[in-house]
Amino acid sequence: MSFANEVKKEICQRDFGPRHCLLAEAAAIFLNYGQIETEDTGICLKLKTDQYLAVKRFRQLILNAFGYRMQIHVKAEHTGKHRKYLLCLPGETQVSRVLQALKLEQTSGKLCEQDLAVNEMLLMSGCCKRAFLCGMFLGCGTMSTPEKNYHLEFVCNGPILAAQLAAAMHFFELEPKIVQRKNNQVVYIKEGRQVADMLKVMKATVSLLEYENIRIKREIRGNINRKVNCEAANISKTVAAAVEQIHDIELIRDTIGLNSLSSELCETALMRLQYTDIALRELGAMMNPPVGKSGMNHRFHKLKQMADEIRTSMEE
């Protein structure tokens, strides 16, 4: 099971709370998958999707809020790997009562094709906004596995629902962005701390702990890799500089001889030839008396100048 499905599974296990929260969550799910049809027997409320968790949660929401047990039908695809679920609530009186409570009594047809927003009267309090976000995640939300990257998104039917969703997220101090993807509006967050806060808003505590555990491991691993890379780069620079210094010293030795150097430069040259791959700070500490890094830089700069002069004279 993917990490997103684990989060959805945990949302479905949440306590239902007061009736006004049930309505906010049910309305969010219904806007993504619901439709209102007129049949020979009268008006019928349906919810069609392949998302079992959304079906399960919506059915329980309607049962808890109204006492109605919706009929469920399952249709397997030809491959046998996927199933389509159909929830039905027939009966004029029952459907009218549900639609009136969800503030959808004037709506008909497939809601997912109409870019509708949940009536703001259902989102008056913070707990209802939280329930709305949970319903939206069950309906159109997903997120990446945190081992790969930090990304949580909602694929909304249109700009009206996307704007309402973003506003609800802003209420909890989240900072979502909205982008067009084909015919949909995608509301998303990508920063690791923001994704964690969204899980906290939806009260997916177990998933949050697992997410934070993975995030900490990733950050520690990233810090270690950065330090290793930095250390490797420093070693490469030290070796390259040492090789250049040795070439200069060997040129001086083979032409005018190291005895022609001052005692300080001669000692420095001999130490470098003996210790070919250590850093200037360590090399300076071995001098008698010890010499700092800047002092060693100054000495090698003089040796380089002498080597360059020798090269120039040889070219002439």
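Which residues of helix 9 are buried? Select helix 9, residues 263-274, in this predicted model. The buried positions are Leu265, Cys266, Thr268, Ala269, Met271 and Arg272. Display the surrounding helices as well: these buried residues pack against helix 8, helix 10 (280-285) and helix 11. The 12 residues of helix 9 reach 16 Å from the first C-alpha to the last, close to the 16 Å expected at 1.5 Å a residue.

**Helix 8 and helix 11**

Keep helix 8 (residues 205-255) in view and add helix 11 (residues 293-315). Select Asp248 and Arg311, which form a salt bridge whose closest N and O atoms are 2.7 Å apart. Because Asp248 belongs to helix 8 and Arg311 to helix 11, this pair ties together parts that are 63 residues apart in sequence. Are the two partners buried or exposed, or something in between? Asp248 is buried, at 5% relative accessibility, whereas Arg311 is partly exposed, at 30%.

Now extend the selection to Glu244, Lys304 and Asp308; together with Asp248 and Arg311, these residues are linked in a network of salt bridges.

Move along helix 8 to Arg215 and Glu212, another salt-bridged pair, with the closest N and O atoms 2.8 Å apart. Both residues lie in helix 8, 3 residues apart, so about one helical turn separates them. Arg215 counts as buried at 11% relative accessibility, and Glu212 counts as buried at 17%.

A search of the whole structure finds 12 salt bridges. One further example is Lys46 with Glu37, where the closest N and O atoms are 2.9 Å apart. Lys46 is buried, with a relative accessible area of 10%, while Glu37 is partly exposed, with 24%. Side chains of opposite charge can pair when their charged atoms come close.

**The five-stranded sheet**

Next, colour the open sheet of 5 strands, whose order is 3-4-2-1-5 and whose pairing is antiparallel. Which strands stand at the edges of this sheet? They are strand 3 (71-76) and strand 5 (109-110); each has a single partner strand, so one side of each is left without a neighbour in the sheet.

Select strand 1 (residues 34-39) together with strand 5: 2 bridges join these antiparallel strands. Within this pairing, Ile36 has Gly109 in strand 5 as its bridge partner.

Helix 2 packs on the sheet, where it touches strand 1 and strand 2 (42-49). The direction of helix 2 makes about 85° with that of strand 2. Helix 3 (residues 52-66) lies across strand 2, strand 3 and strand 4 (83-90), and runs at about 20° to strand 4.

**The nonpolar cores**

Return to helix 2 and show the nonpolar side chains. The largest nonpolar core has 76 residues, and those with the most contacts inside it are Phe30, Phe58, Met143 and Phe154. Which helix gives the most to this core? Helix 2 (residues 19-33) does, with 11 residues. Apart from this core lies another, of 19 residues, which includes Leu251, Ile278, Leu283 and Ala307.

Centre the view on Phe154 and leave aside its neighbours within four places in sequence. Its contacts then include Leu133, Met136, Phe137, Cys140, Gly141 and Leu165. Also in contact with Phe154 are Met169, Gln185, Val186, Val187 and Met198.

**Strands 7, 8 and 9**

Select strand 9 (residues 184-189), which is mostly covered, with 5 of its 6 residues buried. Add strand 7 (residues 152-156): 5 bridges join strand 7 to strand 9, and the two run antiparallel. Here Glu153 has Tyr188 in strand 9 as its bridge partner.

Then add strand 8 (residues 177-181), which is also joined to strand 9 by 5 bridges and runs antiparallel to it. In this pairing, Arg181 stands opposite Asn184 in strand 9. Strands pair in this way through backbone hydrogen bonds.

Finish at the connection between strand 8 and strand 9, which form a hairpin with 2 residues between them. What is the phi of Lys182 in the turn? Lys182 has a positive phi of about 55°.

Definitions and conventions
Residues numbered from 1 in each chain as written. Predicted model: local features only at pLDDT ≥ 70, side-chain atom pairs only at ≥ 80, totals over all residues. Heavy atoms only, no water. Core = buried A, V, L, I, M, F, W, Y, C linked by side-chain atoms within 4.5 Å. Buried < 20%, exposed > 50% of the residue type's maximum accessible area, 1.4 Å probe, protein only. Helix = DSSP H or I, 4+ residues; strand = E, 2+ residues; numbered from the N terminus. Contact = heavy atoms within 4.5 Å. Salt bridge = Lys/Arg side-chain N within 4 Å of Asp/Glu carboxyl O. Pairing = 2+ DSSP bridges. Axes fitted to C-alpha atoms, helices over the stretch in contact; angles between N-to-C directions. Expected span 1.5 Å × (residues − 1).
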